[in-house]
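Visitor: I am new to this structure and would love a close look at a single part of it. Could you pick one helix, walk me around it, and then show me what lies beside it?

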Amino acid sequence: MEQMKHINAQLNLDSLRPGKAVLKKKEDGFIKELSIAMQLLRNCLYQNEECKEAALEAHLVPVLHSLWPWLLMDDSLMQNALQLLCVYTANFPNGCSSLCWSSYGQYPVHAAHRGASSSSLMLCILKLASQMPLENTNIQQTVFLFLSNLALSHDCKGVIQKSNFLQNFLSLTLPKGGNKHLGNLTILWLKLLLNISFGEDGQQMILRLDGCLDLLTEISKYKHKSSPYIPLLIFHNICFSPANKPKILANEKVITILAACLESKNQNAQRIAAAALWALTYNYQKAKTTLKNPSIKRKVDEAYSLAKKAFSNPEESPLNAYHLKCLENLVQLLSSS
């Protein structure tokens, strides 16, 4: 950490002396040294909470914030910094929260054209993710993986919401024509939204995005081998929030997709949809009334009948038992007055 601070000071000092022939070579040397320091620090922090606490106390985030303009100038340096932050914030809520704090640090003169500094490193990350060129896939992937870590933090979700960063999701372009495979950026966005949806505050953030449910229903029609159930899982999560239930129920497309999944040959899709519909109807009379629609109720009854036949001994598999229990509860709820 002290070495990183020293390198930052030297880079800033040298930036005030333009015109020297040795400047570029000296700068490259410092950047290589900084890159190695960040890689070593990343390795030290890996799955080590004690080291993460030490890095927090040593002000890792403010140091990286002060280095930010230099990171923007070198893709490999930025990649190393993002990987370091990914490791630092993994399963470390205090580390995530530290990105939301205002930071300190003087920026190099020759980096001033890149704009005024943001008040926190979190805002810098969001700006980077918003402006990242599509061809820079490595940094794009790493910055979204990092944001997915932060999305599990209540503090970070608050910053994401205030920044309006999620509006960028609504600008995604889906493939047209015969190409039914989602692009990498869309899948990265889905993984981020899934992590956001694990908390009720995040679930409400998603529902506040005008058109988000419609876009997710459209995305669910596309193929994506690596994570085929993410849109369904997002629907599943937001169905648990009492405040969200009226909005979800009012969206016929979401209900149609969940009901259609009950007829899917894929047990995972069936299980997620059954759990989502059960959550939606639980303690919500209006949902029970809507789902008593003959077409939907028939699908629920048929899915339950098939599940009972397929899982004659559900105790052998916790997932199978859960699937059957979801459908059983759903049938009981829809049969009650």
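Guide: Gladly! Let us begin with helix 7, residues 121-131, whose buried residues are Leu121, Met122, Cys124, Ile125, Leu126, Leu128 and Ala129. Please keep in mind that you are looking at a predicted model. What do the buried residues of helix 7 pack against? Their partners are helix 4 (60-73), helix 5 (75-89), helix 8 (137-150) and helix 9 (154-163).

Two of the residues just named lead us onward. Leu126 and Ala129 are both touched by phenylalanine 165. Leaving aside residues up to four places away in sequence, phenylalanine 165 also touches Ser130, Phe144, Leu147, Ile160, Trp189 and Leu192. Phe165 has a special place in the largest nonpolar core, which has 114 residues: together with Met4, Phe165 touches the most other members. Domain 1 (1-16 + 26-101) and domain 2 (163-172 + 181-289) both contribute residues to this core, so the core lies between them.

Now let us step across to helix 9, one of the partners of helix 7. Helix 9 has Cys156, Lys157, Val159 and Ile160 as its buried residues. Because these cover an arc of only 160° around the axis, they sit on the same side of helix 9. If you wonder about the spacing along such a helix, an α-helix has 3.6 residues a turn, so residues three or four places apart point the same way. Turn helix 9 around and you meet His154 and Lys162, which are exposed on the other side. The buried residues of helix 9 are covered by a group that includes helix 7 again, along with helix 6 (93-98), helix 8, helix 10 and helix 11 (200-208).

The two ends of helix 9 deserve a look too. At its start, serine 153 has a side-chain oxygen that reaches to within 3.4 Å of the backbone nitrogen of aspartate 155. Just after helix 9 comes asparagine 164, with a positive phi of about 60°. Asparagine 164 belongs to the loop between helix 9 and helix 10 (184-196), and it is a residue other than glycine with a positive phi. You can find another such case at histidine 59, where phi is near 65°. Histidine 59 is placed in the loop between helix 3 (49-57) and helix 4. With 41% relative accessibility, histidine 59 counts as partly exposed.

For another helix with a buried side, travel along the chain to helix 18. There, the buried residues are Ile296, Lys299, Val300, Ala303, Tyr304 and Ala307. These cover an arc of only 130° around the axis, and therefore lie on the same side of helix 18. Pro294, Leu306 and Lys309 are exposed on the other side. The N-terminal end of helix 18 is capped by asparagine 293, which has a side-chain oxygen 2.8 Å from the backbone nitrogen of serine 295.

Finally, step back to take in the whole protein chain: there are 19 helices and zero strands. Of its 337 residues, 50% count as buried. Among contacts with a separation of 6 or more, 73% join residues 24 or more positions apart.

Methods:
Residues numbered from 1 in each chain as written. Predicted model: local features only at pLDDT ≥ 70, side-chain atom pairs only at ≥ 80, totals over all residues. Heavy atoms only, no water. Buried < 20%, exposed > 50% of the residue type's maximum accessible area, 1.4 Å probe, protein only. Helix = DSSP H or I, 4+ residues; strand = E, 2+ residues; numbered from the N terminus. Arc of directions from axis to C-beta. Polar contact = N/O pair within 3.5 Å; in protein donor to acceptor, adjacent residues only side chain to side chain. Core = buried A, V, L, I, M, F, W, Y, C linked by side-chain atoms within 4.5 Å. Domains from an automatic or database assignment. Contact = heavy atoms within 4.5 Å.
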